[in-house]
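Let's take a walk through this protein, starting with a single residue and then moving on to a helix and some pockets. Keep the 3D view open while you read.

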Amino acid sequence: MKLNFKADHRPDVQKIVRWKGISLDYVRVTPSAEYAYSWSGGNHYLATHDIVMTDGEMSVAGGANIQATDIRNKMTFLPAECPVAGWSKTVPRQNTFTVLCFDRTFLTEETERSAMRIGERELIYFENAALQSTMAKLETIMQDEASDGGLYAETLALLAVIELGRTSVADLEERRTGKFSMAQERLLVSFIEENLGTAFSLEDLAKVAGLSRYHFTRTFKHTFGSPPHRYVMAKRMAAAKTLLTRPGLTIAEIAPQVGFGTAGHFVRAFKDTEGMTPRDFRKRC
């Protein structure tokens with residue numbers, strides 16, 4: 001997405017995260033702003049909007065102008081090679097939009113099902129509860145300036161693509177998956193425990209098991225009883241608790257050993273999962 005803001009109307013935040021075959025772009029504008037935008041490319045485009053405008057218009061594939069002022073909780077899908085251009089003048093509130101772009105072959109490769117195809121027609125300002133919920137979770141993650149996305153965001157991005165496919169293919173059937181083999185399970189547990197201090201991706205885990213990310217995520221939950229991001233977080237918290245019992249280590253020293261870039265990020269995650277700060281936990285030991 002190419003954005004051109006007036007000199008005195010820059011966005012508060014613009015953040016981009018990329019994974020294999022997927023990119024996620026988050027923009028937040030709080031004061032009133034005027035900007036023009038355009039997009040065209042070989043990837044599919046999905047955006048969720050939380051925007052209120054005093055004026056604006058959009059043209060898709062050179063068609064008639066589309067006008068709307070309140071596009072909160074609305075989404076837009078554009079198939080690859082479908083250009084869009086327009087301009088907006090927003091009201092002074094927290095206006096945001098999150099754009100998910102993915103390679104046109106991404107869905108087929110990840111699900112290993114050639115029948116799953118994204119629609120060829122654009123969908124402008126549409127609604128879908130399941131897809132909107134997933135995109136809202138992605139936006140919440142992107143709002144955390146300290147977060148680099150991580151496993152959870154990558155999993156959600158993949159889920160959003162799959163859910164988009166479901167909105168386009170009514171007769172989609174779920175593929176039932178079993179569990180990992182004992183060998184796969186041992187390899188995964190070893191990899192996770194040996195790499196708790198590194199920022200490995202969903203793709204890294206899937207490669208260990210020899211599966212696509214889509215089938216890996218489903219099989220992982222079937223095997224371990226929770227999604228990969230929750231399992232990894234639980235392992236990191238368990239390791240953190242062990243380290244917190246060692247009085248010679250500071251919070252700042254423990255954080256990178258359990259996969260957090262900053263002490264602040266570690267403290268927030270620990271409190272969210274354990275219901276207390278690392279300092280409080282250490283006092284109880």
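R236 is buried, because its relative accessible area is 12% and anything under 20% counts as buried. Keep in mind that this is a predicted model. You'll find R236 in helix α7. Which residues does R236 touch, once those up to four places away in sequence are set aside? They are N195, L196, T198, F200, V258, G259 and F260.

**A helix with two sides**

Now look at helix α4, which covers residues 182-194. How far apart should its ends be? At 1.5 Å a residue, its 13 residues should span 18 Å. The end C-alpha atoms are 18 Å apart, so the model agrees with that expectation.

Inside α4, the residues Q184, L188 and I192 are buried. Looking down the axis of α4, you'd see its buried residues fall within an arc of 60 degrees, so they line one face of the helix. Turn to the other side of α4 and you meet M182, R186 and E194, which are exposed. What covers the buried residues of α4? Part of the cover comes from other helices, including α5 (202-209), α6 (213-224) and α7 (228-244).

**Two pockets**

Next, the pockets. The largest pocket holds about 1,000 Å³ of space. It is lined by 35 residues, and the closest to its centre are S147, G149, M233, F260 and H265. Two or more lining residues come from each of α2 (129-143), α3 (150-168), α7 and α9 (263-274). Which element gives the most to this lining? That's α7, with 7 residues.

The second largest pocket holds about 440 Å³. Here 17 residues form the lining, and T155, L159, T217, K221 and P227 are the closest to the centre. At least two lining residues come from each of α3, α6 and α7. This time α3 gives the most, with 7 residues.

What kinds of residues make up the two linings? Here they are by class:

| Pocket | Nonpolar | Polar | Charged |
|---|---|---|---|
| Largest pocket | 13 residues | 13 residues | 9 residues |
| Second largest pocket | 7 residues | 4 residues | 6 residues |

To tie things together, go back to α7 in your viewer. This helix holds R236, helps cover the buried residues of α4, and gives the most to the lining of the largest pocket. F260 also turns up twice: R236 touches F260, and F260 is among the residues closest to the centre of the largest pocket.

Terms used
Residues numbered from 1 in each chain as written. Predicted model: local features only at pLDDT ≥ 70, side-chain atom pairs only at ≥ 80, totals over all residues. Heavy atoms only, no water. Helix = DSSP H or I, 4+ residues; strand = E, 2+ residues; numbered from the N terminus. Expected span 1.5 Å × (residues − 1). Buried < 20%, exposed > 50% of the residue type's maximum accessible area, 1.4 Å probe, protein only. Arc of directions from axis to C-beta. Contact = heavy atoms within 4.5 Å. 1 Å grid on protein atoms, 1.4 Å probe; cavity = no way out; pocket = protein on both sides within 12 Å on 5 of 7 lines; lining within 4 Å. Points joined across faces, edges and corners; volume = space filled by probe spheres on them. Nonpolar A, V, L, I, M, F, W, Y, C, P; charged D, E, K, R; others polar.
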